[in-house]
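Hi,

Here is the structure I promised to pass on. Have a look at it first, and then read on for my notes.

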Amino acid sequence: MSEVYEARRADGRFDRSVAIKVMLGTLFDAEAYRRFRREVEFLARLNHPNIAQLYDAGITERRQPYILMELVRGERIDTFHLRRRPALQEKIRHLLQLADALALAHAQLVIHRDIKPTNVLVTEDGVPKLLDFGIAKRLAESRAETTTNPMTPAYASPEQLLGLPVTVASDIFQLARLFTTCFPQYRGDARATDCTEEDRQTLQALHRDEIPPSCARVIEHLPPDLGAVILKALSPDPADRYLSAQDFAADLRAYSAGYPVQARRNNALRRGLKFLRRNAATGRPGYRHSFR
């Protein structure tokens, strides 16, 4: 659909590099132009440190629409984590930042629909940036308004593969799957972009009843509470996932702080044990004595 160039302002007034995304077609390619214009509209609403920033947009002398954006120097998130092998908390921190970015997008009624490693770059400073809203859609957009159903099959949610309505739950599924690619146990093929009818039938059968095996292998190696959070986000039925990106982030924060997570049923004994562990770790006076 487009090509992206690194560029620098020619008159030297602002000495910084930017990214220019240029549509390969022209204004006469109505569907591509509609999608391109919609991406500009969406990016203009989204001001978040973990979303690549929009600077400007226009049309070239050759009548090719372009978007001027923040240049993100970094590497895809799965490569970043597999190469550096950071602590689990660092992976969770990145997931939380992206969940917060999605929460902002969803509040602006924007669904990304294509969250995958190539669309999330991590800078040298360790900041994840969500890119490419090229196939994003409005939350209230009807199926009649969307003439195509673009996706990356290897990362599509079950409802995308089945041709069902796409909601915020689809982004939550894709974000959880993105998280699993950051572990060495993940061995899925994340590079497929085309999907034949045979591929589609296979993927539909896979996603209808269970989470992807590549994700299941990762979850087996996660702490139980964190595994429950990711498992809930990957539920085949959108109704069983988190209601919002905020809810997903809240459970991740609860896990990180040592609190019970909503993804697991928590009885009184479990809550008590969690309470004891938290306060033993912080060394707060009086708690240990109170529970003798």
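A quick definition before anything else: helices here are DSSP runs of H or I with at least four residues, numbered from the N terminus. Also keep in mind that this is a predicted model.

With that in hand, start at helix 3, which covers residues 88-107. Its 20 residues reach 29 Å from the first C-alpha to the last, close to the 28 Å expected at 1.5 Å a residue. Just after helix 3 comes Leu 109, and this residue has a positive phi of about 65 degrees.

Now the sheet. It is an open one with 4 strands in the order 1-2-4-3, and the pairing is antiparallel. Which strands stand at the edges? Those are strand 1 (2-8) and strand 3; each has a single partner strand, so one side of each is left without a neighbour in the sheet. On average, neighbouring strands are turned by 25 degrees against each other, direction ignored.

Zooming in on one pair: strand 3 (residues 54-59) runs antiparallel to strand 4 (residues 65-70), and 5 bridges link them. You can pick out Gly 58, whose bridge partner in strand 4 is Tyr 66, and Ile 59, which stands opposite Pro 65. The hairpin these two strands form has 5 residues between the strands, and Arg 63 takes a positive phi there, near 65 degrees.

The other thing I looked at is how helix 8 (residues 224-233) packs, starting with helix 5 (residues 168-180). Their axes are 8 Å apart and meet at an angle of about 135 degrees. Since angles over 145 degrees count as roughly antiparallel, this pair falls short of that and helix 5 is oblique to helix 8. On the helix 5 side the contact is made by Ile 172, Phe 173, Ala 176, Phe 179 and Thr 180, and on the helix 8 side by Leu 226, Ile 230 and Ala 233. By class that gives 7 nonpolar residues, 1 polar and no charged.

Helix 8 also packs with helix 9 (residues 245-257), at about 170 degrees and with the axes 10 Å apart. That angle makes the two helices roughly antiparallel. Here helix 8 brings Asp 225, Leu 226, Val 229, Ile 230 and Ala 233, while helix 9 brings Phe 248, Asp 251, Leu 252 and Tyr 255. The contact of helix 8 with helix 9 has 7 nonpolar, no polar and 2 charged residues.

Cheers

Key. Residues are numbered from 1 along each chain as its sequence is written. This is a predicted model: local features need pLDDT of at least 70, side-chain atom pairs count only at pLDDT 80 or more; totals for chains, interfaces and linings use all residues. Side-chain values use heavy atoms; hydrogens and water are left out. Two strands pair if DSSP finds at least two bridges between them. Axes are lines fitted to C-alpha atoms, for helices over the stretch in contact, and angles run from 0 to 180 degrees between N-to-C directions. Angles under 35 degrees count as roughly parallel, over 145 as roughly antiparallel, 65 to 115 as roughly perpendicular and the rest as oblique. Contact means heavy atoms within 4.5 Å. Ala, Val, Leu, Ile, Met, Phe, Trp, Tyr, Cys and Pro count as nonpolar, Asp, Glu, Lys and Arg as charged, and the others, Gly among them, as polar. The expected span of a helix is 1.5 Å times one less than its number of residues.
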